[in-house]
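Subject: Handing over the structure

Hi,

Here is the structure I promised to pass on. Have a look at it first, and then read my notes below.

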Amino acid sequence: MQEEPWGAGRGYGPISPRHPLGGEMSDVARGIFSRLRLPRLLQRYAQVPVLAAFSFVNGFVSIGLMAALAAVTEEPFVFPSLGPTAFLFFYTPRAASAAPRNTLIGHSIGIAAAYFSLFVTGLTHAGPATAASVTLPRVLAAALSLGLTAGLMVLARAPHPPAGATTLIVSLGILDRPPMFLVLLGGVALLTMQAILFNRLAGVDYPLWAPRQARGAEDGPPHVAAPAHLHAPPGRSAATGSGVQP
């Protein structure tokens, strides 16, 4: 019998484990509710309204802290690409792209690639681009920065999609001074620390550095067995064992 798709006739009941939010995010919610000794919420941790409220509070607090720090210090500790990074941290914390290593390396690559693109196009002191003043060098800088970021993240084995937004923030001149880059990385590091504390508090097996599934991957790709018919003796079918020639 085919399983009924999630949401079909179920209203706002529990989310199926096959649903994107049914696994990791509900695990985080369950862990936090257990820590806070909230039995009523713990009984409903996998229901859509509870997860929606939990997601709202989580996003509000995580980015709210960063925005408050930015207001106090008058430094850009909060910037657009922190939003998708926060989503990865708290929606899919076990994903390789959400690991601290990939997060910090990915954003660092994005910043470096963008500044290199500004340098080679002569835009290091050009100021921010606007829709009315996007020049050919600016187009080249934006395209080059994103291409370099994508390629270098592959070479570094550190995929982190929000770094694509960080590199455009710099290559479009929104934040284009080297001292600001340290602040950007400081914001990423602080949000990463929040993710480590929050996910570990929830009991999620969140890594302190490298993604769990990447450990041991340096030894090379997994061995893939050759198709069975390649191991069969000449003139014998691997499926049937018969001596009928193909």
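To start you off: in the loop between which two helices is the place of Arg157? Arg157 sits between α6 (136–156) and α7 (163–171), where helices are DSSP runs of H or I with at least four residues, strands are E runs of at least two, and both are numbered from the N terminus.

Before the rest, some housekeeping. This is a predicted model, so local features need pLDDT of at least 70 and side-chain atom pairs count only at pLDDT 80 or more, while totals for chains, interfaces and linings use all residues. Residues are numbered from 1 along each chain as its sequence is written, and side-chain values use heavy atoms, with hydrogens and water left out.

Now the overall picture. The protein has nine helices and zero strands, so there is no strand to look for. Of its 246 residues, 37% are buried (buried is under 20% relative accessible area, exposed is over 50% and partly exposed is in between, with a 1.4 Å probe and protein chains only). Taking the contacts with a separation of 6 or more, 67% are between residues 24 or more positions apart; a contact means heavy atoms within 4.5 Å.

Back to Arg157, which has a positive phi of about 55 degrees although it is not a glycine. With a relative accessible area of 48%, Arg157 is partly exposed. Arg37 also has a positive phi, of about 55 degrees, and is not a glycine either. You will find Arg37 in the loop between α1 and α2 (39–43), and its relative accessibility of 71% makes it exposed.

A loop residue that is buried is Ser81, at 0% relative accessibility. Ser81 lies in the loop between α3 and α4 (82–91). Leaving out residues up to four places away in sequence, Ser81 touches His107, Pro162, Ala165, Thr166 and Ile169.

Next, the helix packing. Two packed helices are described by the angle between their axes and the distance between the axes. The axes here are lines fitted to C-alpha atoms, for helices over the stretch in contact, and the angles run from 0 to 180 degrees between N-to-C directions. Angles under 35 degrees count as roughly parallel, over 145 as roughly antiparallel, 65 to 115 as roughly perpendicular and the rest as oblique.

Helix α5 (residues 100–120) and helix α8 (residues 178–201) have axes that come within 10 Å and cross at roughly 165 degrees. The two are therefore roughly antiparallel. Their crossing is right-handed (the near helix is turned clockwise from the far one by less than a right angle; anticlockwise would be left-handed). On the α5 side the meeting residues include His107 and Tyr115, and on the α8 side they include Phe181 and Ile196. By class, this contact has eleven nonpolar, four polar and no charged residues (Ala, Val, Leu, Ile, Met, Phe, Trp, Tyr, Cys and Pro are nonpolar, Asp, Glu, Lys and Arg are charged, and the others, Gly among them, are polar).

Helix α8 also packs with α4, at an angle of about 20 degrees and with the axes 10 Å apart. That makes α4 roughly parallel to α8, and this crossing is right-handed too. Leu82, Thr85, Ala86, Phe89 and Phe90 from α4 meet α8 residues, among them Leu191 and Phe198. Eight nonpolar, four polar and no charged residues make up this contact.

What about α1 and α3? Their axes come within 11 Å and cross at roughly 80 degrees, which means that α1 is roughly perpendicular to α3. Residues in this contact include Ile32 and Phe33 in α1, and Leu51 and Phe54 in α3.

Finally, the rings. A search of the whole structure finds eight aromatic pairs (rings of Phe, Tyr and Trp, with its six-membered ring, pair if their centres lie within 6.5 Å; planes under 30 degrees apart are stacked, over 60 edge-to-face and the rest tilted). Phe33 and Phe54 have ring centres 5.6 Å apart and planes at 80 degrees, so they are edge-to-face. This pair links distant parts of the chain, 21 residues apart, and both residues are buried. Phe89 and Phe90 are edge-to-face as well, because their centres are 6.3 Å apart and their planes at 75 degrees; both are buried. Ring pairs link Phe33, Phe54, Phe89, Phe90, Phe198 and Tyr206 into a cluster.

Cheers
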